[in-house]
Number of protein chains: 2
Amino acid sequence: MGVGRYAELVGPLEADQARQLLKALADPVRLQVVQALASGERCVCDLTGDLDLAQSKLSFHLKVMREAGLIEARVEGRWIYYRLRRDALDGLQGWLGELAAGCSEPAAPCG
Amino acid sequence: MGVGRYAELVGPLEADQARQLLKALADPVRLQVVQALASGERCVCDLTGDLDLAQSKLSFHLKVMREAGLIEARVEGRWIYYRLRRDALDGLQGWLGELAAGCSEPAAPCG
DNA sequence: TTGTTAGATCAACTTCAGTTGATCTATGGT
DNA sequence: ACCATAGATCAACTGAAGTTGATCTAACAA
């Protein structure tokens, strides 16, 4: 089922990990899912109903998010619950913070 | 030239603004550019050289980033300097923080 | 004014990500 | 054992996003 395959996300985020997470967030359907998960864990069947998405479509997007390390799954009998990964969100926040830190330096004139 | 067309980015980020910014970040070429700009403002000609990108390719990606509100341009004679927008990075950080806030709620069992 | 350079823009092409419907697997109920 | 349901997976299709080379415009230098 592949539900156990996660990105690692230990220590400070590498550019490539950040990119995977950003990509996992930067899609309208996935953003809906993220917002649904923002208030806590949800099972797939609820998501399908609430967001009015075709089952295979939702499953595809959950996979993208899972493989990026943005969400994780908990299997309970016949149902699967998904939730956002705090470490991913925190990691991305930190990564953005680093970018913001030095971005106001003036340019060396190039002419 | 279109260099003056920016996204607004006042107040808390709307989902759609966040998505544009995320998309602007979630590309390998653009991520290179972002990292080059992380240490401060740079002119396009420097970027082209340092990142070894075709001129039209870089210009395309700068446009995407500009229209998303991720970067802004400063025209100086024949040269154009780009820099990351603090408000965009801060806004995105805040947006992520909101997501992280409630994401650990347990699921309502759906069976 | 002519020539050169920086960088935006355009059109044609290519590539990859998302969609759809069908099928497959596992779990639980009868 | 049989059936129903949750959700993953697959193959075919579609469309949007990125690439490439050419052209266009504006600024400066001679």
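Me: Before we start, what makes a residue "near" the DNA here?

Reply: A residue is near a strand if one of its heavy atoms lies within 4 Å of it. Keep in mind that this is a predicted model.

Me: Fine. Which part of DNA strand D supplies the atoms within 4 Å of the protein, sugar or phosphate, or bases?

Reply: Sugar or phosphate accounts for 68% of those atoms of DNA strand D, and the rest belong to bases. On the protein side, 22 residues surround the strand, and the closest are A:Cys45, A:Gln55, A:Ser59, B:Arg30 and B:His61.

Me: What makes the pair between A:Ser59 and a phosphate oxygen of DNA strand D a polar contact?

Reply: An N or O atom in the A:Ser59 side chain sits 2.6 Å from that phosphate oxygen. The cut-off for a pair of N or O atoms is 3.5 Å, so the pair counts as a polar contact.

Me: And how do you know that B:Arg30 and B:Ser56 make polar contacts with DNA strand D too?

Reply: Same test. B:Arg30 puts a polar side-chain atom 2.9 Å from a phosphate oxygen, while B:Ser56 has one 3.4 Å from a base oxygen. Both values fall within 3.5 Å, so both pairs pass. As for the elements giving two or more residues to this surface, chain A offers helix 3 (44-51), helix 4 (55-68) and strand 3 (79-84), and chain B offers helix 2 (28-37) and helix 4 (55-68).

Me: What is the mix of residue classes on that surface?

Reply: Eight nonpolar, seven polar and seven charged residues.

Me: Let's move to the loops. Why is A:Asp52 called exposed?

Reply: Its relative accessibility is 68%, and exposed means over 50%, so A:Asp52 qualifies. This residue is in the loop between helix 3 and helix 4 of chain A. A:Asp52 also has a positive phi of about 55 degrees, although it isn't a glycine.

Me: What makes B:Asp52 count as exposed?

Reply: B:Asp52 comes in at 67% relative accessibility. Set that against the over 50% cut-off, and B:Asp52 is exposed. Look for it in the loop between helix 3 (44-51) and helix 4 of chain B. Phi of B:Asp52 is positive, near 55 degrees, and this residue is not a glycine either.

Me: Why is A:Glu72 called partly exposed rather than buried?

Reply: Buried needs under 20%, and A:Glu72 has a relative accessible area of 21%. That value lies between the 20% and 50% limits, so A:Glu72 is partly exposed. A:Glu72 belongs to strand 2 (residues 71-76) of chain A.

Key
Residues numbered from 1 in each chain as written. Chains lettered and ligands numbered in written order. Predicted model: local features only at pLDDT ≥ 70, side-chain atom pairs only at ≥ 80, totals over all residues. Heavy atoms only, no water. Polar contact = N/O pair within 3.5 Å; in protein donor to acceptor, adjacent residues only side chain to side chain. Helix = DSSP H or I, 4+ residues; strand = E, 2+ residues; numbered from the N terminus. Nonpolar A, V, L, I, M, F, W, Y, C, P; charged D, E, K, R; others polar. Buried < 20%, exposed > 50% of the residue type's maximum accessible area, 1.4 Å probe, protein only.
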